[in-house]
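Take a look at the protein chain below. What can be read from its atoms alone?

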Amino acid sequence: MDGPGRGGLKELPDPTIGDYDVAVQMLACGVCSSTDKMLRLGTFSLRVTYPSILGHESVGRVVRVGDRVRSYQIGDLLTRPSAYRPDRAPMDMYWGGFAEQGVVTDWAALSEDRQTCELRPRSDQVRLPGSTDAVRAALSISLSETFSVIVRHDVLGKTVAVVGTGVAGLSFAAYAKMLGAAHVVAVGRRASRLALAERLGADRGVLADDAASALAESGGADFVFEASGQARMIAHAYRWLRPGGHAVVYSAPDSPTQMDLFKSPRDATLTVASTREAAVLPGVVRMLDGGVIKPDELVTHRYPFSEIAAAFEAIERGEVVKAVITFSH
């Protein structure tokens, strides 16, 4: 990215690796319809600098290993490789997965050898068998984030509302039903997406303007998972809870949020979700491979790296559930 709303492909030097690094060829990288979009437009809540490399749902194959690497071998698939090591990057990276080549550091070997490093170790990179489908692996990054959130909440037998019908909201709805929720309500703005939510497991899809009355019919929700990224929906979602309910904010809001607490349910809880993607990702890949989750329902668009701008344009038009960029070598 060269500036807010401006970007394209640019030739950069090949990454270099050290004794504890591996070089990868990128195979696929999902486009995040919330974080990547906000970074691209310069509306992300944290300060955005340019030029920079985006992409945090990347998957690459190991093609070369450093002399002291022990955790990875040539042919492995790794999630979330970045274009460069942060201390060797020619520009800022917001994860930096939109690149033809990448680097992953073997933090385990570095720690075992008691080597010091000024970089912050990463715990979100997962090794997968070389035969794993790269597009499914990229999709599993998004799906693992949401699964790692909802699995830590006891939705069994409860009424669950999910706000948002992007890939995050759709997966929350599917997981809630899978984990035994008695009634799952998907809330969104598009009838077609609400129908997809119902195919994936939601008991009912309702338009956002009708959600308050729909949830009031059942006495409110025990849980609301906010996955739209719209700040105004957080306040609405909190009011949809029944007393003692729990609202979980997953998606980064697009602006600061204000709530009238006197209109809120008593003894309700609001938390901002943390994710533990690496712990559940291999299992999510198995769910995709086994058809428990149907990847083709979610990955609606695939683009070669040369057409990455078209992917962002399609997201802007609301045509995409999940877009994945693919790389050819």
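This report goes through the cores, a helix, the salt bridges, the cysteines and the surface.

The model is a predicted one.

**The nonpolar cores**

Nonpolar side chains tend to be buried together in soluble globular proteins. Here the largest nonpolar core has 51 residues. Leu 143, Phe 225 and Leu 298 have the most contacts inside this core.

Which elements each supply at least two residues of this core? On the strand side they are β1 (21-31), β8 (159-163), β9 (183-188) and β11 (221-226). On the helix side they are α3 (134-150), α4 (167-178), α5 (191-200) and α8 (277-289). Helix α3 gives the most, with 10 residues.

Now zoom in on Leu 298. Leaving aside its neighbours within four places in sequence, Leu 298 is in contact with Leu 139, Leu 143, Val 167 and Leu 170, among others. Its list of contacts also includes Leu 200, Ile 293, Val 321 and Lys 322.

Another core lies apart from the largest one. That core has 27 residues. Among them are Tyr 72, Ala 311, Ile 315 and Phe 327.

**A covered helix**

Helix α7 covers residues 231-239. Its buried residues include Ala 231, Met 233 and Ile 234. Ala 235, Ala 237 and Tyr 238 are buried in α7 too. What covers them? The cover includes the strands β8, β11, β12 and β13.

**Salt bridges**

Side chains of opposite charge can pair when their charged atoms come close. How many salt bridges does a search of the whole structure find? The search finds 17. The table gives three of them.

| Pair | Closest N to O distance |
|---|---|
| Asp 21 and Arg 88 | 3.7 Å |
| Arg 80 and Glu 145 | 2.8 Å |
| Glu 277 and Arg 80 | 2.6 Å |

Start with Asp 21 and Arg 88, which meet in a salt bridge. Asp 21 lies in strand β1, while Arg 88 lies in the loop between β4 (77-79) and β5 (92-93), so the pair ties together parts that are 67 residues apart in sequence. Are the two partners buried or exposed? Asp 21 is buried, with a relative accessible area of 0%. Arg 88 is partly exposed, at 36%.

Next comes Arg 80, which forms a salt bridge with Glu 145. Arg 80 sits in the loop between β4 and β5, and Glu 145 sits in helix α3. The two are 65 residues apart, so this pair links distant parts of the chain. Arg 80 counts as buried, at 4% relative accessibility. Glu 145 is buried as well, with a relative accessible area of 16%. The cut-off for buried is under 20%.

Arg 80 also forms a salt bridge with Glu 277. Glu 277 is in helix α8, 197 residues from Arg 80 in the chain. Both Glu 277 and Arg 80 are buried.

These contacts belong to a network. Arg 80, Arg 122, Asp 124, Glu 145 and Glu 277 are linked in it by salt bridges.

**The cysteines**

How many disulfides does the structure hold? The count is zero. Why does Cys 29 not bond to Cys 32? The sulfur of Cys 32 is the closest cysteine sulfur to that of Cys 29, but at 10.0 Å it is too far for a bond. A disulfide needs its two sulfur atoms within 2.5 Å. Cys 32 is likewise in no disulfide. Cys 29 is buried, at 0% relative accessibility. Cys 32 is buried too, with a relative accessible area of 11%.

**Out at the surface**

Met 259, Leu 261, Leu 270 and Val 272 make a nonpolar surface patch of about 360 Å². Take Leu 261 from this group. Its place is in the loop between β12 (241-249) and β13 (269-272). Leu 261 counts as exposed, at 56% relative accessibility.

Arg 127 is found in strand β7 (residues 127-128). This residue is partly exposed, with a relative accessible area of 43%. Which residues does Arg 127 contact, leaving aside its neighbours within four places in sequence? They are Ser 71, Tyr 72, Gln 73, Asp 76, Leu 77 and Leu 78. Tyr 72 is also one of the residues of the 27-residue core. The C-alpha atoms of Arg 127 and Glu 57 are separated by 14 Å. Along the chain, Arg 127 and Glu 57 are 70 residues apart.

Definitions and conventions
Residues are numbered from 1 along each chain as its sequence is written. This is a predicted model: local features need pLDDT of at least 70, side-chain atom pairs count only at pLDDT 80 or more; totals for chains, interfaces and linings use all residues. Side-chain values use heavy atoms; hydrogens and water are left out. Buried means under 20% relative accessible area, exposed over 50%, partly exposed in between (1.4 Å probe, protein chains only). Patches are made of residues with over 30% relative accessible area and no salt bridge: like charges are joined within 9 Å, nonpolar side chains (Val, Leu, Ile, Met, Phe, Trp, Tyr) within 5 Å. Accessible areas come from the Shrake-Rupley method with a 1.4 Å probe; for residues, only the protein chains shown count as cover. A salt bridge is a side-chain nitrogen of Lys or Arg within 4 Å of a carboxyl oxygen of Asp or Glu. Helices (H or I, at least four residues) and strands (E, at least two) are DSSP runs, numbered from the N terminus. A nonpolar core is a set of buried Ala, Val, Leu, Ile, Met, Phe, Trp, Tyr and Cys residues joined through side-chain atoms within 4.5 Å. Contact means heavy atoms within 4.5 Å.
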